[in-house]
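The following exercises concern confidence, domains and sheets in one chain. Each task is followed by a solution in steps.

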Amino acid sequence: MLAVEHLYKHFGGFTAVNDVSFDVEQGEILGLIGPNGSGKSTIFNMLAGAFPPSAGSILFEGRELAGLMPHRIVHLGIGRTFQIPRPFRRLSILENAALAGYYGQDRVSRAEAWQAAEEALEMVGLPTDPRAETGSLGAAGLKKLELAKALATKPRLLLADESLGGLDDSEMDQAADMLGKIRAEMGITVIWVEHIMGVLMRVVDRVMVLDHGEKISEGTPAEVANDPRVIEVYLGTDTVDTGAAAAPG
Ligand code: ADP
Ligand code: MG
């Protein structure tokens, strides 16, 4: 579904993404992990068209995405969440999702956008009542709204950035289950970025690990959790989570 080849991003003299290649198969959940600053969000920003790659190729269902604008890419079927939610706080929850549904789909009627928004909110467990206020949402609710906005664009590939940030343990479990459910019930392929391994490891099919902009490991959760290079990167940081060691094969 997605073939990324020799992707680079330079910011001035700094290389944030350094020769990264990977594939994503339709129907899978790929985890993308790495310490803070390792280039995860930068890869998402290039996949979603927020900025162009410095070099490299991104083929989505056979079509080159490098250089396309974000609205073209979302219309082609790639939805993304943002690490830091910035909804329109004075619009309702439903209006936020409906705007995403309207502008994130190509040639869609307003009625279809509202419909997509309601379905997306139901999927993530947020109220579809038009009076439900965005300002009433806490950290977990804002993360759900990010997911709902991405789902309202009717993606075939979902890019989920740090969906667990700021959540407590039970909220993290819920968020992980939700990404599994999105794949199972909606048939959406997922790339899921986190800096901690934790619960991500029990939901993903495969994991890719970044460090300083480079891919240092790739494999099943069990393979990656036992890779000496990964252990080295994660030791001595505050991101070690013993959930990784207990990941099922
Ligand atoms: P991650 O999501 O893995 O925490 P990022 O992809 O956000 O990391 O950032 C990778 C590196 O690139 C960091 O050192 C960050 O400071 C840098 N970076 C990200 N975006 C920009 C930008 N727009 N301009 C300059 N540097 C950036
Ligand atoms: Mg990030």
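A salt bridge is a side-chain nitrogen of Lys or Arg within 4 Å of a carboxyl oxygen of Asp or Glu. The model is predicted: local features need pLDDT of at least 70, side-chain atom pairs count only at pLDDT 80 or more, and totals for chains, interfaces and linings use all residues. Residues are numbered from 1 along each chain as its sequence is written, chains are lettered from A and ligands numbered from 1 in the order in which they are written, and side-chain values use heavy atoms, with hydrogens and water left out.

**Exercise 1.** State the mean pLDDT of the chain and identify the stretch below 50.

Step 1. The mean pLDDT (the predictor's confidence in each residue, from 0 to 100) is 92, and 94% of the residues reach 70 or more.
Step 2. Residues 242-249 fall below 50; beyond near neighbours in sequence, this stretch makes nine contacts (heavy atoms within 4.5 Å) in the model.

**Exercise 2.** Characterise the interface between domain 1 and domain 2 by area and by salt bridges.

Step 1. The bounds, which come from an automatic or database domain assignment, are 1-77 + 158-249 for domain 1 and 89-154 for domain 2.
Step 2. Their centres, taken over C-alpha atoms, are 24 Å apart; domain 1 contributes 17 residues to the contact and domain 2 contributes 14 residues.
Step 3. Buried area is the accessible area (1.4 Å probe) that two parts lose on being put together, summed over both. Here this area is about 1300 Å², with 71% given by carbon and sulfur atoms.
Step 4. Of the area that domain 1 buries against domain 2, 36% comes from Val 74, His 75 and Met 178, more than from any other three residues.
Step 5. The count of salt bridges between the two domains is zero.

**Exercise 3.** Determine the strand order of the four-stranded sheet, and explain why strands E2 and E5 each have one side without a neighbour.

Step 1. Helices (H or I, at least four residues) and strands (E, at least two) are DSSP runs, numbered from the N terminus; two strands pair if DSSP finds at least two bridges between them.
Step 2. The open sheet has the order E2-E1-E4-E5, with antiparallel pairing.
Step 3. E2 (14-24) and E5 (63-64) are at the edges with a single partner strand each, so one side of each lacks a neighbour in the sheet.
Step 4. E1 (residues 2-11) pairs with E2 over eight bridges. Leu 2 is opposite Val 24, and Phe 11 is opposite Phe 14.
Step 5. Two residues lie between the strands of this hairpin, where Gly 12 takes a positive phi near 60°.

**Exercise 4.** Describe the pairing in the six-stranded sheet.

Step 1. The order is E6-E7-E8-E3-E9-E10, in an open sheet with mixed pairing.
Step 2. E3 (residues 29-33) and E8 (residues 189-194) are parallel over five bridges, with Leu 30 opposite Ile 191.
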